[in-house]
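Hi,

Here's the structure I promised to send over. Have a look at it first, and my notes come right after.

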There are 2 protein chains.
Amino acid sequence: MKQTLNVIKIGGNVIDNPSMLNTFLETVAQIRTPFVIIHGGGKIATQMAIKLDIPQTLIEGRRITDKPTLDIVTMVYAGLINKNIVSKLYSLGKTAVGLSGADGNVVLASKRVHPTLDYGYVGDVEKVNAQFLLLIIEEQMSPVLCAITHDANGQLLNTNADTIAQEVAVALAEHYEVSLIYTFEKRGVLLDVNNEESVIKILTKSEYTNFVNQGAIHSGMIPKLDNAFKAIDAGVSNVKIGKAEQLIEILNDEEGTKII
Amino acid sequence: MKQTLNVIKIGGNVIDNPSMLNTFLETVAQIRTPFVIIHGGGKIATQMAIKLDIPQTLIEGRRITDKPTLDIVTMVYAGLINKNIVSKLYSLGKTAVGLSGADGNVVLASKRVHPTLDYGYVGDVEKVNAQFLLLIIEEQMSPVLCAITHDANGQLLNTNADTIAQEVAVALAEHYEVSLIYTFEKRGVLLDVNNEESVIKILTKSEYTNFVNQGAIHSGMIPKLDNAFKAIDAGVSNVKIGKAEQLIEILNDEEGTKII
């Protein structure tokens, strides 16, 4: 039987709140099985862009990563946030290794091509270097990946942290029984978006299809859940979605939505 | 016989100049024996502090690393510069792993204590985790260390890159025949600071003592050279000091000052 490994995406609301992040990492440090952390930058990069007077371009509601914005996200994600997480985890007894996708070529991506829209330096994941992650994990260290990747030609790329988490989970599923955990500001997948008590505890593919057909599942959740089922089809044991403050309960299947 | 390994400190003048940095990394990528890169942030962190309106405090000519300044150096060194170096090296055929001292606890430091002066978040190196560096090097990857360390209690610290280079060189000397290379803007240790032709090609301890007693060696070079001899006393095979643009010639003992 394979050992359990948790791939944990830290929600943006946690990154934005230093005391919440500390509490979250204290919980993470109690996990006795191997884990991998994935994070973006919450609102810190946006605040930095404002301070530096770098205008943020939105096209069709999507943020464009121009060169100055790429430099900001690289500084904030791979520098400020990543190194503070790693240093904090060490103080809690866990040796971590903070990585961008360029380090050890751990997440190779390609610049997004879109017929009408130039997203700028945005990358879509091509390949995860599971061997390098395993090297770290087998040394009892925990990889902490930020949402910066590279294209193998010297170009860093801004990449969706949810997608990196999914691809990392899939890449490790051959070697571990992988549980992929998305933490965010809600208690789980809600049947009624205004009612925090309406958490769906277990969600199978056929139930999900029914809920979507009934229009019961909130539209913003659909890409997240589509990705979750893709991860399961690719070998991930389960995907859990829940509130960051309830990480322990999510790990123990007492809170959140478990997708199987 | 042990294999040669080069520990190369990139000078601030190279970091400040993107085309010079690219050329430098192209040269580095041609090295066939293992290497470790160490870098600080040149003037980029200072420029960022000006842009962000963070006043830089100088006490007795020393820059104080207050909390906002620590955040800036963490962003610039561990994020922007480190990840761009790693990504560029990969495009040149070398898999690198960018690290702060917190990653894998690779450089543990302690906050500097001074009887009258508070340097802020400045760290002095306590211990280098050679095992973690060896793990990376033995996988044919190259560690790229920035001048950020940590104190094991969750605090990141700004640390002198020259000192990190020296301590890393010493820590690896048990396993490799280590050559420690400091690149900067001069052709080497000059007997006459105004004459670039006055490079001392080979410098032994007794010659150095004589030069210092004669007042021939420039005062700014003395701490650098004291450290170089300390490294040699601790097992490093040689220390080379020279112009960044002449890295290949320095490696081949055709340029720069070689301290033995």
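Below is what I found, going from the whole chain to the pair of copies, the pocket and a few single residues.

A word on ground rules: this is a predicted model, so local features need pLDDT of at least 70 and side-chain atom pairs count only at pLDDT 80 or more, while totals for chains, interfaces and linings use all residues. Residues are numbered from 1 along each chain as its sequence is written, chains are lettered from A and ligands numbered from 1 in the order in which they are written, and side-chain values use heavy atoms, with hydrogens and water left out.

**The chain**

Chain A has 9 helices and 14 strands; these are DSSP runs numbered from the N terminus, with helices being H or I of at least four residues and strands E of at least two. Its C-alpha atoms fill a box of roughly 45 × 45 × 35 Å along the principal axes. The radius of gyration of chain A is 18 Å, which agrees with the value near 18 Å for a compact globule of 260 residues (taken over C-alpha atoms; the globule rule is 2.2 Å times the number of residues to the power 0.38). Of the 260 residues in chain A, 55% are buried, where buried means under 20% relative accessible area, exposed over 50%, and partly exposed in between, with a 1.4 Å probe and protein chains only. As for contacts (heavy atoms within 4.5 Å), 69% of those in chain A between residues at least 6 apart in sequence join residues at least 24 apart.

**The two copies**

How does chain A lie on chain B, and with what RMSD? A turn of 180° and a shift of 0.0 Å along the axis does it, with an RMSD of 0.0 Å. The two copies are thus related as by a two-fold rotation axis. The same surface serves both: 100% of the contact residues of chain A recur in chain B. The superposition is by least squares on the C-alpha atoms of residues with pLDDT of at least 70 in both copies.

Met141(A) is a nice one to click on here. Its place is in the loop between helix H5 (130-138) and strand S8 (142-146) of chain A, and it counts as buried at 9% relative accessibility. Leaving aside neighbours within four places in sequence, Met141(A) is in contact with Thr95(A), Val97(A) and Ile136(A), and across in the other chain with Gly104(B), Phe132(B) and Leu135(B).

**The second largest pocket**

This pocket holds about 1,400 Å³ of space. Its lining has 44 residues, and Tyr77(A), Thr159(A), Asn160(A), Ala161(A) and Asp162(A) lie nearest its centre. H4(A) gives the largest share of that lining, 4 residues. Among the other elements of chain A that supply at least two residues each are helix H3 (44-51), strand S7 (123-128) and helix H6 (161-172). By type, the lining divides into 16 nonpolar, 19 polar and 9 charged residues; Ala, Val, Leu, Ile, Met, Phe, Trp, Tyr, Cys and Pro count as nonpolar, Asp, Glu, Lys and Arg as charged, and the others, Gly among them, as polar.

For the pocket itself, a 1 Å grid is laid over the protein atoms alone and probed at 1.4 Å; a pocket is an open set of points with protein on both sides within 12 Å along at least five of seven lines, and lining residues have an atom within 4 Å of a point. Grid points are joined across faces, edges and corners, and a volume is the space filled by probe spheres set on the points.

**Two residues of H4**

Ile81(A) lies in helix H4 and is buried at 6% relative accessibility. Its contacts beyond four places in sequence include His39(A), Gly40(A), Gly41(A) and Ile44(A). Ile44(A) is 37 residues away along the chain, with 9.1 Å between the C-alpha atoms.

Leu89(A) is also found in H4, and counts as buried at 0%. Leu89(A) and Leu25(A) are 64 residues apart in sequence and 6.6 Å apart in space, C-alpha to C-alpha. Leu89(A) touches Leu25(A), Val28(A), Lys94(A), Ala96(A) and Val144(A), not counting residues up to four places away.

**Positive phi**

Asp53(A) is not a glycine but has a positive phi of about 60°. Asp53(A) is in the loop between H3 and strand S3 (58-59), exposed with a relative accessible area of 68%. Ala152(A), also not a glycine, has a positive phi of about 75°; it is in the loop between strand S9 (148-150) and strand S10 (156-158) and is partly exposed at 24%.

Cheers
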